[in-house]
Amino acid sequence: MFPVPDGDTGTNMLLTLQSAVEDVRDSPAKEVGKVAHIAAHGSLMGARGNSGVILSQIFRGFAKHVQGQADLNPKELAKALEEAADAAYRAVLKPTEGTILTVAREAARAAVQAADEQGASARSVIAAAAAGAKTAVEKTPGQLAILREAGVVDAGGYGLQIMLEGMLRTFDESAPPAEVRIASSPAAQKALALPEEGWGYCTEFILEGEGLDVEKIREEIAAMGNSVLVVGEPEVVKVHVHTDEPTRVITYAGGLGTVAKLNVSDMSKQHQLILDESSHDAAPAARQAAPASKPAAERRNGVGLVAVTAGQGLMEIFRDLGVDAIVEGGQTMNPSTQDMLHAVDTLPYGEVILLPNNRNVILAAREVDKLTPKRVHVLETGSIPEGIEAVVAFSPERELDDNLKSMHDAADRVQTIEVTHAVRDTKSNGLRVKKGDVIALINDKLKHAGGDYGEVVRKALQDLGPDSYELVTVFTGQEASSEDREKLVQAIRETFPSLEVEVQAGGQQHYPFILAVG
């Protein structure tokens, strides 16, 4: 949808759904209420990005409605889908039509209508929901200008459509009778039955190189396992695969470039049943997580700090400023709720301030407080500069409420300019952008495009009214050469001599430069 590498809706939904599926696979439960509860918990713990969190709320709403039930008739199924959509709406402070929320609601409405018809079946209800979702997805460009300008449908809504169509396909393959009830349906059992041999090793890494052929890499790795996710650009590719031969995958990737951030997990040991059949408290299992980082010495006000960021330089900056635990992630690599929960639970503090530092991480961050006995306060920082300014304003001598106010005010004062390259031709906010253009986002909104960094940054700074500010801090990313950095700094100093310019090595991906203006 957007001309920059976004939070990757498809990736986030896939990993969220995968977490739910893996928990269901490891459970002996057969009753629909228990299975739905386990799936809801798994999706919440694995929720990544806004789309993943909303999907987890859909699961949660469904599970709440079917709690205690062994099976469902068509009307109960439709009502559960309706409650799932309602739960998703309740989870969002400002619901936006033309998104996955709309698609969930319209799918549920179609399901309820189908359930009221004579001879309704579980299959007919799911078929109606899938058809309703498809119709709703096709209408999303007419509801959101940004979709219409980009010429695309809502990605999250489309993901939900695909899930419903997948459910329908299991019924069609088994051809159940019209009056079948879900728990005893061969189709439903087939949908829940996962390979006995498991998925082997979850293998994840970043592949860095030049001229990487993403499609070819995806095809090659798909032949080595399943649950394959290969996304990226010619210079950097994110790989996720479940395979019995992780060494084979790593060796193949190593022949193409540099393998970084490698993580190989034995899933047969990694996933254990988190809840027993009678418990609904997810926090104890979550607290068994490994420490995210070594906590700092305890401070007197009893408040801990956790920040989400990516890039070696940025991680060091946050640590130097006193952050106790770092959760690695951000743009295109949104951390899950469980990732953040791990970090919170390793700290020796009952009160923790959590800084997501990316707008697509905020929803997942809000869920952490529900999963731990600690009090987690999400300071809704939407960018790295906002997070840094907030941490600078934190004082170990101040009480929690005073710190929260000071940090919030500091984050509000800083302006963020993110500089990158467009990955596709598009039109957004009335601005036409061609693939490869240098573009600048001011506080997450696309504002300027041009041929070089200096030109675009000058326009962005002029937009902000440079006379109102004193300092520009430039955080350089992996893609920024020393020549690029010098030219950009020179352009800023020549055009705005009253502004002081500082340069810090951020090491972030996707954005050659991030500027904090304050």
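**Group meeting: Gln508, a parallel sheet and two cores**

Let me start with one polar contact: the side chain of Gln508 reaches the backbone oxygen of Tyr511 at 3.0 Å. Bear in mind that this is a predicted model.

Where does Gln508 lie? In the loop between β15, residues 500-505, and β16, residues 513-517. Is Gln508 buried or exposed? Its relative accessibility is 5%, so Gln508 counts as buried, the cut-off being under 20%. Now its surroundings. Leave aside neighbours within four places in sequence. Gln508 is then in contact with Ala310, Gly311 and Leu314. Phe475, Thr476, Gly477 and Gln478 are also in contact with Gln508. So are Phe513 and Ile514.

Stay with Phe513. At 0% relative accessibility, Phe513 counts as buried. The structure holds 1 aromatic pair. Its partners are Tyr453 and Phe513, with ring centres 5.1 Å apart. The planes stand at 80 degrees, so the pair is edge-to-face; the cut-off for that is over 60. Tyr453 sits in helix α19, residues 453-464, and Phe513 in strand β16. The pair therefore ties together parts that are 60 residues apart in sequence. Tyr453 has 12% relative accessibility, so Tyr453 counts as buried too.

Next, the sheet. In what order do its 4 strands run? The order is β6-β5-β7-β8, in an open sheet with parallel pairing. At the edges are β6, 325-328, and β8, 375-378, each pairing on one side only. From one strand to the next, the twist averages 25 degrees. Take β7, residues 351-355: 4 bridges join this strand to β8. Within that pairing, Leu354 has Val378 of β8 as its bridge partner.

Two helices to note here. Helix α15, residues 337-345, packs on the sheet and touches β5, β6, β7 and β8. The direction of α15 makes about 170 degrees with that of β6. Helix α18, residues 400-413, also packs on the sheet, touching β5, β7 and β8. The direction of α18 makes about 10 degrees with that of β7.

Last, the nonpolar cores. The largest has 72 residues. Which of them touch the most other members? Ile54, Ile58, Phe62, Val306 and Met340. Helix α6, residues 122-143, gives this core its largest share, 9 residues. Look at Ile58. Not counting residues up to four places away in sequence, Ile58 touches Ala84, Ala88, Ile100, Ala104 and Leu160. Apart from the largest core lies another, of 28 residues. Among its members are Met315, Phe318, Ala390 and Ile514. Ile514 brings us back to the start: it is one of the contacts of Gln508.

Key
Residues numbered from 1 in each chain as written. Predicted model: local features only at pLDDT ≥ 70, side-chain atom pairs only at ≥ 80, totals over all residues. Heavy atoms only, no water. Pairing = 2+ DSSP bridges. Axes fitted to C-alpha atoms, helices over the stretch in contact; angles between N-to-C directions. Contact = heavy atoms within 4.5 Å. Buried < 20%, exposed > 50% of the residue type's maximum accessible area, 1.4 Å probe, protein only. Polar contact = N/O pair within 3.5 Å; in protein donor to acceptor, adjacent residues only side chain to side chain. Core = buried A, V, L, I, M, F, W, Y, C linked by side-chain atoms within 4.5 Å. Phe/Tyr/Trp six-rings, centres within 6.5 Å; stacked < 30°, edge-to-face > 60°.
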